[in-house]
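Trainee: I have just opened a structure that is new to me, and I would like to learn how to read it feature by feature. Could we look at it together?

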Amino acid sequence: MDDEEPLTSRALRLASESFLAGSGPGGQNANKVATEVELRVNIYALRLPPPVFARLRQLAGGKIAGNGDLIVTSKAHRTQEANRQDARVKLAALLEDAQIQPKRRAKTRLNRVGKTERLKVKKVRGTVKANRGKPNASDW
């Protein structure tokens with residue numbers, strides 16, 4: 001296996017396709033022709049780095065079978081070839097998204113004025129809520 005080979009092309013090389021009689025568009029044609037495409041790639045065979053592997057598992061969710069197969073389906077189009085291209089695009093997008101490392105969230109800091117303002121608003125809101133309800137005998 002060549003390490004310089006892009007992940008998408010490696011995944012497409014390892015992928016197996018099967019065609020199903022889908023319930024997508026095509027009218028009566030959908031009952032006769034197997035236009036739905038199911039693309040299967042074993043994610044363990046891709047040899048992904050651990051962070052990318054974890055992101056892929058998180059992004060794919062229920063699309064990963066128990067044996068490690070990533071299942072991508074497409075039945076949006078009337079033709080088998082269009083669905084085949086669509087499934088390949090979906091797989092490529094999923095793999096590309098898994099390779100993008102999310103930016104770390106920077107903690108926000110509240111300055112002294114913002115903190116006192118927030119506490120003042122909380123106090124007013126608490127007073128409004130405390131004044132709701134039945135009046136006490138001492139309020140008469």
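Trainee: Which residues does isoleucine 71 touch, not counting residues up to four places away in sequence?

Mentor: Bear in mind from the start that this is a predicted model. Isoleucine 71 lies in strand E3, and, once residues up to four places away in sequence are set aside, it touches Glu38, Leu39, Arg40, Lys63 and Ala65. A separation along the chain can also be set beside a distance in space: isoleucine 71 and glutamate 17 are 54 residues apart in sequence, while their C-alpha atoms are 9.8 Å apart.

Trainee: How many residues of strand E3 are buried?

Mentor: Strand E3 covers residues 69–74, and five of its six residues are buried, so the strand is largely enclosed by the rest of the structure. Strand E2 can be read in a similar way, for it is mostly covered, with five of its seven residues buried.

Trainee: How should I read the pairing of strands, and what is the order of the strands in this sheet?

Mentor: The general idea is that strands of a sheet pair through backbone hydrogen bonds, in either a parallel or an antiparallel manner. Here three strands form an open sheet in the order E1-E2-E3, and the pairing is antiparallel. Strand E1 (16–20) and E3 stand at the edges, each with a single partner strand, so one side of each has no neighbour in the sheet. From one strand to the next, the twist averages 20 degrees.

Trainee: How many bridges join E1 to E2, and over how many do E2 and E3 pair?

Mentor: E1 and E2 run antiparallel and are joined by five bridges, while strand E2 (residues 36–42) pairs with E3 over six bridges, also in the antiparallel sense. You can follow this residue by residue: serine 18 stands opposite glutamate 38 in E2, valine 37 has serine 74 in E3 as its bridge partner, and valine 41 stands opposite leucine 70 in E3.

Trainee: Which helix packs on the sheet?

Mentor: Helix H4 packs on the sheet, where it touches E1, E2 and E3, and its direction makes about 135 degrees with that of E3.

Trainee: At what angle do H1 and H4 pack, and how far apart are their axes?

Mentor: Helix H1 (residues 7–14) and helix H4 (residues 80–99) pack at an angle of about 135 degrees, and their axes are 10 Å apart. An angle of that kind makes H1 oblique to H4, and the crossing of the two helices is right-handed. On the H1 side, Leu7, Thr8, Ala11 and Leu12 take part, and they meet Arg88, Leu91, Ala92, Leu95, Glu96 and Gln99 in H4. Sorted by character, the residues of this contact of H1 with H4 comprise six nonpolar, two polar and two charged.

Trainee: Which residues of H3 meet H4, and how are the two helices placed?

Mentor: Helix H3 (residues 50–60) packs with H4 at an angle of about 130 degrees, with the axes 8 Å apart, and H3 and H4 are therefore oblique to each other. H3 passes H4 in a right-handed crossing. From H3 come Val52, Arg55, Leu56, Leu59 and Ala60, which meet Leu94, Leu95, Asp97, Ala98 and Gln99 in H4. The residues in this contact of H3 with H4 are seven nonpolar, one polar and two charged.

Trainee: Is alanine 98 buried or exposed?

Mentor: Alanine 98, which has its place in helix H4, has a relative accessible area of 1% and is therefore buried, since a residue counts as buried under 20%. Apart from its neighbours within four places in sequence, alanine 98 is in contact with Val52, Arg55, Leu56 and Leu59. Alanine 98 and proline 51 are 47 residues apart in sequence, and 8.7 Å apart in space from C-alpha to C-alpha.

Trainee: Where is arginine 47 found, and what is its phi?

Mentor: Arginine 47 is found in the loop between E2 and H3, and its phi is near 55 degrees, a positive value in a residue other than glycine. With 64% relative accessibility, arginine 47 counts as exposed, because the cut-off for that word is over 50%.

Definitions and conventions:
Residues numbered from 1 in each chain as written. Predicted model: local features only at pLDDT ≥ 70, side-chain atom pairs only at ≥ 80, totals over all residues. Heavy atoms only, no water. Buried < 20%, exposed > 50% of the residue type's maximum accessible area, 1.4 Å probe, protein only. Helix = DSSP H or I, 4+ residues; strand = E, 2+ residues; numbered from the N terminus. Pairing = 2+ DSSP bridges. Axes fitted to C-alpha atoms, helices over the stretch in contact; angles between N-to-C directions. Parallel < 35°, antiparallel > 145°, perpendicular 65-115°, else oblique. Left-handed = near helix turned anticlockwise from the far one by under 90°. Contact = heavy atoms within 4.5 Å. Nonpolar A, V, L, I, M, F, W, Y, C, P; charged D, E, K, R; others polar.
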